[in-house]
Amino acid sequence: LDGVQEPLAAADTGNLVTVGNPLFIGQAGTGSGGEYFVGLIDEVKVFTSALSNDDVGTECSCSITVPPPPPVLTASGGLEAYYSFEADSALDDSGLGRDGSWEGTEAYDVGANGGGRAASFDGSSRIVVSSFAGFQWTDQLTVSLFFRRTGGEGSYQGIANTGYYSNGAWEIRMGREGGGTMLGGGIITAGHAEAWDHVSLTAGFDAWHHVAMVYNGAELHFF
């Protein structure tokens, strides 16, 4: 979180499961009737590769702190979608045409750390990317994004995912623990059905943070 790798590596192996769900941004997704995010989300990128430490540092514009032993991460590449929200839209800036559609109130605000634009979620809205329904995930994944939680500290909230818990292939979410500062999530593979590999990471309330969830086929890390 914010460039610091957590010390625990989840022992995930194999390809992520294929699910018939779209990508959700701002809500917990299929399997949950609520858990809408309250706050801002920006610069969402999904890769079918495990980014290197240097590449994660580029994503968050920060130095990467890795406790020993360092994970084995592959080279970068394989951008599948990019939602910058710069044009006050949920269009896919990767050029692959995986545009998102709003459900609820479409809104935007000042972006991460005062630059550009970000999607703004009111606790009852979300972005759905139908192009990811049935997507064939592999054994490499990076999800990189900035977020700022501004409300609903007594609830659980989805940030980005392909479904809630075992309904999807991967998930980044926030809890109500610690006054709404708990961050966690994980992946689902054929040999590993525990979705929330990482919990109890702490992201200060009403402040911008960067998170990268990186899976290299053998280990899952949050940065």
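Q: Before we get into it, what counts as buried here?
A: Buried means under 20% relative accessible area, and partly exposed lies between that and the exposed cut-off of over 50%. Keep in mind that this is a predicted model.

Q: OK, so is C60 buried or exposed?
A: C60 has 7% relative accessibility, so it counts as buried.

Q: And how does C62 come out?
A: C62 is at 28% relative accessibility, so that one counts as partly exposed.

Q: What joins C60 to C62?
A: A disulfide, with an S to S distance of 1.8 Å.

Q: Which hand does the link of C60 and C62 have?
A: It's left-handed, with -75° about the S-S bond.

Q: How many disulfides does a search of the whole structure find?
A: Just 1 turns up.

Q: Switching to the sheet: what's the strand order?
A: It runs 4-7-1-9-10-11-12, an open sheet of 7 strands with antiparallel pairing.

Q: Which strands stand at the edges?
A: Strand 4 (101-103) and strand 12 (198-202). Each has a single partner strand, so one side of each has no neighbour in the sheet.

Q: How much are neighbouring strands turned against each other?
A: By 30° on average, direction ignored.

Q: Now strand 1 and strand 9, how many bridges join them?
A: There are 2 bridges between strand 1 (residues 23-25) and strand 9 (residues 157-161), and the two run antiparallel.

Q: Which residue in strand 9 is the bridge partner of F24?
A: That's N161.

Methods. Residues numbered from 1 in each chain as written. Predicted model: local features only at pLDDT ≥ 70, side-chain atom pairs only at ≥ 80, totals over all residues. Heavy atoms only, no water. Pairing = 2+ DSSP bridges. Helix = DSSP H or I, 4+ residues; strand = E, 2+ residues; numbered from the N terminus. Axes fitted to C-alpha atoms, helices over the stretch in contact; angles between N-to-C directions. Disulfide = S-S within 2.5 Å. Buried < 20%, exposed > 50% of the residue type's maximum accessible area, 1.4 Å probe, protein only.
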